[in-house]
Amino acid sequence: MKVELVTNLKRQATKILAELHDSKEPVLITEHGQPSAYLVDVEDYEFMQRRLALLDGLSRGERAALEGRTYSQSEAKEKLGKWLK
């Protein structure tokens, strides 16, 4: 992973962004020697957001199953019937 100082980002934003788009490799931005932010390509960011949404849905489903908040097939069909018409 590439690491850049925030001052370099300020001075060379166009160059750093061009390299980011070419390499698709995230850039860690540091301030005062400490990690401050990541720069990632838009497509990669959107892919990560979709992945997180899927994982969140799976997690909620697993939690519901563990807590017994589930329906039988016939109960689900009855509850969803108004949308399945």
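Biologist: Which residues make the nonpolar surface patch of about 300 Å²?

Modeller: Tyr45, Phe47 and Met48 make that patch. Please keep in mind that we are looking at a predicted model.

Biologist: Why is phenylalanine 47 called partly exposed?

Modeller: Its relative accessible area is 40%. Buried would need a value under 20% and exposed a value over 50%, so a residue in between is partly exposed. Patch residues need over 30% relative accessible area, and phenylalanine 47 passes that cut-off with its 40%. You can find phenylalanine 47 in helix H2, which covers residues 42–66.

Biologist: How do you know that H2 has a span close to the one expected?

Modeller: We take 1.5 Å for each residue, after leaving one residue out of the count. H2 has 25 residues, which gives an expected 36 Å, and the reach from its first C-alpha to its last is also 36 Å.

Biologist: What caps the N-terminal end of H2?

Modeller: Aspartate 41 does, with a side-chain oxygen 3.2 Å from the backbone nitrogen of glutamate 43. You will find aspartate 41 in the loop between strand S3 (34–39) and H2.

Biologist: Why is aspartate 41 called buried?

Modeller: Its relative accessible area is 5%, and buried means under 20%, so the name fits.

Biologist: What makes a polar contact between the side chains of aspartate 41 and histidine 21?

Modeller: The pair is 2.9 Å apart, and the cut-off is 3.5 Å, so the distance is within it. Histidine 21 also appears among the contacts of aspartate 41 once neighbours within four places in sequence are set aside; the others are Leu20 and Lys24.

Biologist: How do you know that lysine 24 forms a salt bridge with aspartate 41?

Modeller: The closest N and O atoms of the two are 3.2 Å apart. A salt bridge asks for a distance within 4 Å, so this pair qualifies. Here is the general idea: side chains of opposite charge can pair when their charged atoms come close.

Biologist: Why does the pair of lysine 24 and aspartate 41 tie together parts that are apart in sequence?

Modeller: Lysine 24 sits in the loop between H1 and S2, while aspartate 41 sits in the loop between S3 and H2, so the pair links parts 17 residues apart in sequence. Notice the accessibility of each partner: lysine 24 counts as partly exposed at 38%, whereas aspartate 41 counts as buried at 5%.

Biologist: What is the phi of lysine 24, a residue that is not a glycine?

Modeller: Lysine 24 has a positive phi of about 65°. That is worth a second look, because most residues other than glycine have a negative phi. Histidine 32 also has a positive value, near 55°, and its place is in the loop between S2 and S3.

Biologist: Why does histidine 32 count as exposed?

Modeller: Its relative accessibility is 81%, and exposed means over 50%, so histidine 32 meets the rule. Glycine 68 takes a positive phi too, about 75°, just after H2.

Biologist: Why does glutamate 4 count as buried?

Modeller: Glutamate 4 has a relative accessibility of 9%, which is below the 20% limit, so it is called buried. It belongs to strand S1, residues 2–5. Beyond its sequence neighbours within four places, glutamate 4 touches Ile16, Val27, Leu28, Ile29 and Thr30. Its side chain also has a polar contact of 3.2 Å with that of asparagine 8.

Biologist: How do you know that lysine 2 and glutamate 4 meet in a salt bridge?

Modeller: The N to O distance between their side chains is 3.4 Å, and that is within the 4 Å allowed, so the term applies. Lysine 2 counts as partly exposed, at 25%. Both residues belong to a salt-bridge network that also includes Lys15 and Glu19.

Biologist: How many salt bridges does the structure hold?

Modeller: There are 6. One more pair to look for is glutamate 67 with arginine 69, whose closest N and O atoms are 2.8 Å apart.

Biologist: Where is the place of glutamate 67?

Modeller: Glutamate 67 lies in the loop between H2 and helix H3 (73–84). Its C-alpha is 37 Å from that of valine 40, and the two are 27 residues apart along the chain.

Notes:
Residues are numbered from 1 along each chain as its sequence is written. This is a predicted model: local features need pLDDT of at least 70, side-chain atom pairs count only at pLDDT 80 or more; totals for chains, interfaces and linings use all residues. Side-chain values use heavy atoms; hydrogens and water are left out. Patches are made of residues with over 30% relative accessible area and no salt bridge: like charges are joined within 9 Å, nonpolar side chains (Val, Leu, Ile, Met, Phe, Trp, Tyr) within 5 Å. Accessible areas come from the Shrake-Rupley method with a 1.4 Å probe; for residues, only the protein chains shown count as cover. Helices (H or I, at least four residues) and strands (E, at least two) are DSSP runs, numbered from the N terminus. Buried means under 20% relative accessible area, exposed over 50%, partly exposed in between (1.4 Å probe, protein chains only). A polar contact is a pair of N or O atoms within 3.5 Å; within protein, one must be able to donate a hydrogen and the other to accept it, and residues adjacent in sequence count only if both atoms are side-chain atoms. Contact means heavy atoms within 4.5 Å.
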